[in-house]
Structures are given as C-alpha cells and as structure tokens.
Amino acid sequence: MPSTPTPATPIGFRHILFCTDFSPGADHAFDTALRLALLSPDTQLTLLHVIPETEAQFWKSYIYEVDHVDAKAQHDIHAKIKSAYLSRLPAGRHMKIELRIGQAAEKVLALAQERGVDLIVVGREGGGRLTQALFGRTAEKIVRKARCPVLVIPHGS
C-alpha cells in the first residue's frame, strides 16, 4: 500500500530563517516572517544574528581578553532579541535563536543549508548609496547563492 505524503503547510514552508542585524528594516521584516510562520502550527521559525568578525588579527585576540567583552555582548544581544522579537511571539509559539560570528552572507547560507530552511527572510533599509551598497553585497550574495527562496522586505512596505 503506498504511503500517504506528509501534508505541506498552507504555503509550503516548514522552516523559515529570519535574519536580523537589529536595524529598523530587519525589525519590520520580522512581521512578515512571523505572519508566514503563523500560517501553520508546524512551521519552525529561526532567528539568526551574525556578529561581524574583524579582519585584523590584533583585534581578534585583544577584544576577547578585555573585561568580559564577549559575555557582555552576548547578554546585550539576547536582551535585544527578547525585547524586539520574542516579546512579539504569540503565546505557545517558539522561535529558535542562532548566533554566529563571521561574514553575514556566508553564515546565513551555511545555516540555511544545515537546517534545511525553506525560506530566508531579510529586511532592507531604504536610503542612500552607502546603505544600498552595504545591503546589496550581503543580500545579493544570499539571493544569488541560496538554495531556497529568499524574501527581501523593504523597510516601510
């Protein structure tokens, strides 16, 4: 007897990866990621924040030796996640939290691949050339190299 296929979520997403840099654009994009995740009780929502890693070898070793800078940074990041995102989850819904250190696009793509993500959601700031150039590098790499759909939410949409 043939097995019955597992029913898909209403929109087909089982695992949504929301990426944040704590900018207003990312905060705005969270609304969309959350709405999509809430369409099915089986959809996993994961938040990823990538902490940029300095290229300078001197600072890499120095910053971790200064009066618990690493512990303080982690505490502040978790406090921001709690106030900006976890506080907006409806009762009974959970979100996995992932922190990585390195280049944002690389870490987003690696986590999406590792976890079998169906959709990556990122926010985009409006603004001038510098903002567009910085956004363009990271988002363009994600969009171009991702093995799943990527939803880019413009700030103020």
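How many helices and strands does the chain have?

**Figure 1. Overview of the predicted model.** The chain has five helices and five strands. Followed along the sequence, these elements come in the order β-α-β-α-α-β-α-β-α-β. Of the 157 residues, 34% count as buried. The accessible surface of the chain is about 9,900 Å², and carbon and sulfur atoms account for 56% of that surface. Among contacts with a separation of 6 or more, 79% are between residues 24 or more positions apart.

**Figure 2. Confidence along the chain and the segment at residues 1–9.** The average pLDDT of the chain is 82, and 74% of the residues score at least 70. Over residues 1–9 the pLDDT stays under 50. For this segment the model has three contacts beyond four places in sequence.

**Figure 3. The salt bridge between Arg-14 and Asp-118.** The structure holds six salt bridges, and one of them joins Arg-14 to Asp-118, with the closest N and O atoms 3.5 Å apart. Arg-14 belongs to the segment before β1 (15–20), while Asp-118 sits in the loop between α4 (104–115) and β4 (119–124), so the pair ties together parts that are 104 residues apart in sequence. The two partners are covered to unlike degrees: Arg-14 counts as exposed because its relative accessibility is 54%, and Asp-118 counts as buried because its relative accessibility is 14%.

**Figure 4. The salt bridge between Arg-100 and Glu-114.** The side chains of Arg-100 and Glu-114 meet at 4.0 Å, N to O. Arg-100 is part of strand β3 (residues 96–101) and Glu-114 is part of helix α4, so this salt bridge ties together parts that are 14 residues apart in sequence. Arg-100 is partly exposed, with a relative accessible area of 23%. Glu-114 counts as exposed, at 54% relative accessibility.

**Figure 5. A salt bridge inside helix α5, and a network elsewhere.** Glu-140 and Arg-144 form a salt bridge with an N to O distance of 2.6 Å. Both residues lie in helix α5 (residues 129–145), four residues apart, which is about one turn of the helix. Glu-140 is partly exposed, and its relative accessible area is 39%. Salt bridges with shared partners also join Glu-98, Arg-100, Glu-114 and Arg-115 into one network. Side chains of opposite charge can pair when their charged atoms come close.

**Figure 6. The largest nonpolar core.** This core has 22 residues. The members that touch the most other members are Ile-16, Phe-18, Phe-30, Leu-45, Tyr-85, Met-95 and Val-121. Two or more residues each come from β1, α1 (24–38), β2 (44–51), α3 (69–84) and β4. Helix α1 gives the most, with seven residues.

**Figure 7. The surroundings of Tyr-85, and another core.** Which residues is Tyr-85 in contact with, leaving aside its neighbours within four places in sequence? They are Phe-18, Thr-20, Phe-22, Ala-26, Asp-27, Phe-30, Leu-47, Lys-80 and Met-95. Of these contacts, Phe-18, Phe-30 and Met-95 are also listed with Tyr-85 among the core members that touch the most others. Apart from the largest nonpolar core lies another core, of 15 residues. Its members include Cys-19, Leu-111, Val-117 and Ile-142.

Conventions:
Residues are numbered from 1 along each chain as its sequence is written. This is a predicted model: local features need pLDDT of at least 70, side-chain atom pairs count only at pLDDT 80 or more; totals for chains, interfaces and linings use all residues. Side-chain values use heavy atoms; hydrogens and water are left out. pLDDT is the predictor's confidence in each residue, from 0 to 100. Contact means heavy atoms within 4.5 Å. Buried means under 20% relative accessible area, exposed over 50%, partly exposed in between (1.4 Å probe, protein chains only). Accessible areas come from the Shrake-Rupley method with a 1.4 Å probe; for residues, only the protein chains shown count as cover. A nonpolar core is a set of buried Ala, Val, Leu, Ile, Met, Phe, Trp, Tyr and Cys residues joined through side-chain atoms within 4.5 Å.
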